[in-house]
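Reader: I'd like to learn how to read a model like this one, feature by feature. Can we go through it together?

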Amino acid sequence: MCGIVGCILKDREAAPILLECVKKLEYRGYDSVGIATSADEMIIKKGQGKIDEVHEKLHLTDLPGYMGIAHVRWATHGLPTKENAHPHTDCRNRIAVVHNGIIENFRELRDQLEAEGHKFTSDTDTEIIPHLIEKYMEEGLNLEKAIQKSTQQIRGSYALAVISVDEPDKIIGVRKESPLIVGKSEGEYFLASDVPAVLKHTNHVIYLDNNEMVILNKDGVTIKNMEGKVIQKEVDVIDWTPDMAEKRGYQHFMLKEIHEQPEAVKNTLMEASDIKEMVRKFPNFKRICFVACGTSYHASMVGKYLFESLLDINTQVELASEFEYVSGSLDQDTLVILISQSGETADTLKALRIANEKSETLAIVNVLGTTATREADHVIYTRAGPEIGVAATKTYVSQLASIYLLAICMAGRNDLLNELVKIPDYMKKTLEKEDQIMDIASRYKDTRDFFFIGRGFSYPTAMEGALKLKEITYIHGEGYAAGELKHGPLALIEDDVPVVAVLPPGKSHDKTLSNLEEVKARGARVIALGSSQDEILVSEANDFIGFDDEISELFSPIIYVVPLQLLAYHISVERGIDPDKPKNLAKCVTVE
Ligand code: AGP
């Protein structure tokens, strides 16, 4: 969803550092990249494509000056072209702006500015910002006041970093609805959309809130509200280390993150006593409502099965983007649980604000200090560490670990904690099956359609397997509740269509087995996931991925999803796709 960076350094040039920082934000967008530094004049290099491609052509580190701003773009308004790449400038090339967000009223502002004589060179909504600032500076305002006045004119969401040749030793950042953090180290100051961008340089971070402005110069950092009043903010010390955001020898971040899952779950389970303490203060909720998007929505689906079976409590699951249309029945007896790895997904934040008005809210989030964690009544942190691959993997299993802890604590079922702590070891064993999965991937890499089926606790796993496949292989994948196939999708099953069937031992097993027979009878090739001791399944499946027989249906979602992630990953690589940066997607979706 676009990433922005700014830095003011002490004794070194800014461009190489900006490039390095913005590379850490490439998960937010990779349609184009650009850098601006300013001394006597504004110098900008920008181009269409991924950072490495553009850098090879334009030598992005080759700009003078100790301060500057940079951007990676996920296109919203205007094609992913060089002209639409940020930074954008005013008519006289004296002001440069990078932006993450959407300016909703840009058309009317652009018409107005054009009528006043401003010349535009891109199709973006962003370009109105440097022109507005230019207009107000020409009227005699300084940069800070001109930015304040400009933001009063614009509707929408923005995290901005602005520099001007007329006030050369300064970067000004502003935030409304899009994330912006400030990093402070010895005499050097940073602005960024997310913490991994600055981790190599500092772990001392300030999270800006909506309608706050930060002014960076070589003497330090000043934060003000939009009326210009200085405000004091806490500095958070982040416990992520820079090498957590490196590939550490893996070909892709996604593969590294899949292999980090046992550790991520283990770390997340260490939150048990804090969650117990939080739950002790809960009133007697009569209803649970999960809200999330994408993979986090699938984690919520598991939550529904879990809460209904352990607590016998009415539990609903809603897509965050649909929540405003279905939230009418919220009340004080409902706990609304919002799940988001980033803590900045616009749909989820909107749902959180709606829920906050009527119910108690709890956010399950991976990134410290993000908007969801500040606006929800209660927070549970997943301890997955930074996730860079666009496809969520270790954050998904960590979300599940948090949901299991929460349900177990709310149900007072401490006996189940002993089962939960065994999960990281089962995951390790599952990861050992990677060679078998690579072999399956190489045989199915050219398939056009895939189906994933499961019942009960395995239905969300089927959905998540299909999402991972679509997202990073561009193969059409559908996840279905196995019993639903006969109500329509069965018509799509024909010779050699692969059907991945998730069948852990338990209540849903026999019925899913019958559904598996139905697809086999219509020519499907079955890839089955089940207990290694499930002889019928072993003989019925064309490919069989076996798990420890002790893994019960209840806990199976955390472990059975792992081969599906690996399958999608290896098919993606077989097809020559970069799984870390799938087309059209971004890690953090800050628009509705
Ligand atoms: C997962 O692989 C996706 N990239 C996407 O569906 C993601 O889960 C969704 O956008 C929600 O993000 P969040 O967890 O940061 O809110």
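Reader: Let's start with sheets. In which sense do S11 and strand S14 pair, and over how many bridges?

Author: Keep in mind that this is a predicted model. S11 and S14 (residues 236–237) run antiparallel, joined over two bridges. For a residue-level view, look at His-204, whose bridge partner in S14 is Val-237. S11, residues 204–207, also pairs with strand S9 (residues 181–185), again in the antiparallel sense, this time over three bridges. There, Val-182 stands opposite Ile-206.

Reader: Okay, zooming out: how many helices and strands does the protein chain have?

Author: You'll find 20 helices and 24 strands.

Reader: And what does the radius of gyration say about the overall fold?

Author: A compact globule with 592 residues would come out near 25 Å, and the protein chain has 25 Å, so the two agree. Its C-alpha atoms fill a box of roughly 80 × 55 × 45 Å along the principal axes. Of the 592 residues, 61% count as buried.

Reader: Which residues have the most contacts inside the largest nonpolar core?

Author: The general idea is that nonpolar side chains tend to be buried together in soluble globular proteins. Here the largest nonpolar core has 80 residues, and Ile-337, Leu-406 and Phe-450 have the most contacts inside it. Leaving out residues up to four places away in sequence, Ile-337 touches several others, including Phe-290, Phe-307, Leu-362 and Leu-406. Apart from that core lies another one of 37 residues, with Leu-18, Ala-70, Ile-181 and Phe-253 among them.

Reader: Now my favourite, ring stacking. How many aromatic pairs are there?

Author: You describe a pair of aromatic rings by the distance of the centres and the angle of the planes. The count here comes to eight aromatic pairs. Take Phe-451 and Tyr-480: they are stacked, at 6.3 Å centre to centre with 20 degrees between the planes. Phe-451 sits in strand S20 and Tyr-480 in strand S21, so the pair ties together parts 29 residues apart in sequence.

Reader: Are those two rings' residues buried or partly exposed?

Author: One of each. Phe-451 is buried, with a relative accessible area of 2%, while Tyr-480 is partly exposed at 21%. Another stacked pair is Phe-547 with Tyr-560, at 3.7 Å centre to centre and 10 degrees between the planes. That pair links strand S24, home of Phe-547, to helix H20, which holds Tyr-560, 13 residues apart. Phe-547 is buried at 3% relative accessibility, and Tyr-560 is buried at 0%.

Reader: Which residues do ring pairs link into a cluster?

Author: Tyr-444, Phe-450 and Phe-452.

Methods
Residues are numbered from 1 along each chain as its sequence is written. This is a predicted model: local features need pLDDT of at least 70, side-chain atom pairs count only at pLDDT 80 or more; totals for chains, interfaces and linings use all residues. Side-chain values use heavy atoms; hydrogens and water are left out. A nonpolar core is a set of buried Ala, Val, Leu, Ile, Met, Phe, Trp, Tyr and Cys residues joined through side-chain atoms within 4.5 Å. Buried means under 20% relative accessible area, exposed over 50%, partly exposed in between (1.4 Å probe, protein chains only). Contact means heavy atoms within 4.5 Å. Two strands pair if DSSP finds at least two bridges between them. Helices (H or I, at least four residues) and strands (E, at least two) are DSSP runs, numbered from the N terminus. The radius of gyration is taken over C-alpha atoms; the globule rule is 2.2 Å times the number of residues to the power 0.38. Rings of Phe, Tyr and Trp (its six-membered ring) pair if their centres lie within 6.5 Å; planes under 30 degrees apart count as stacked, over 60 as edge-to-face and the rest as tilted.
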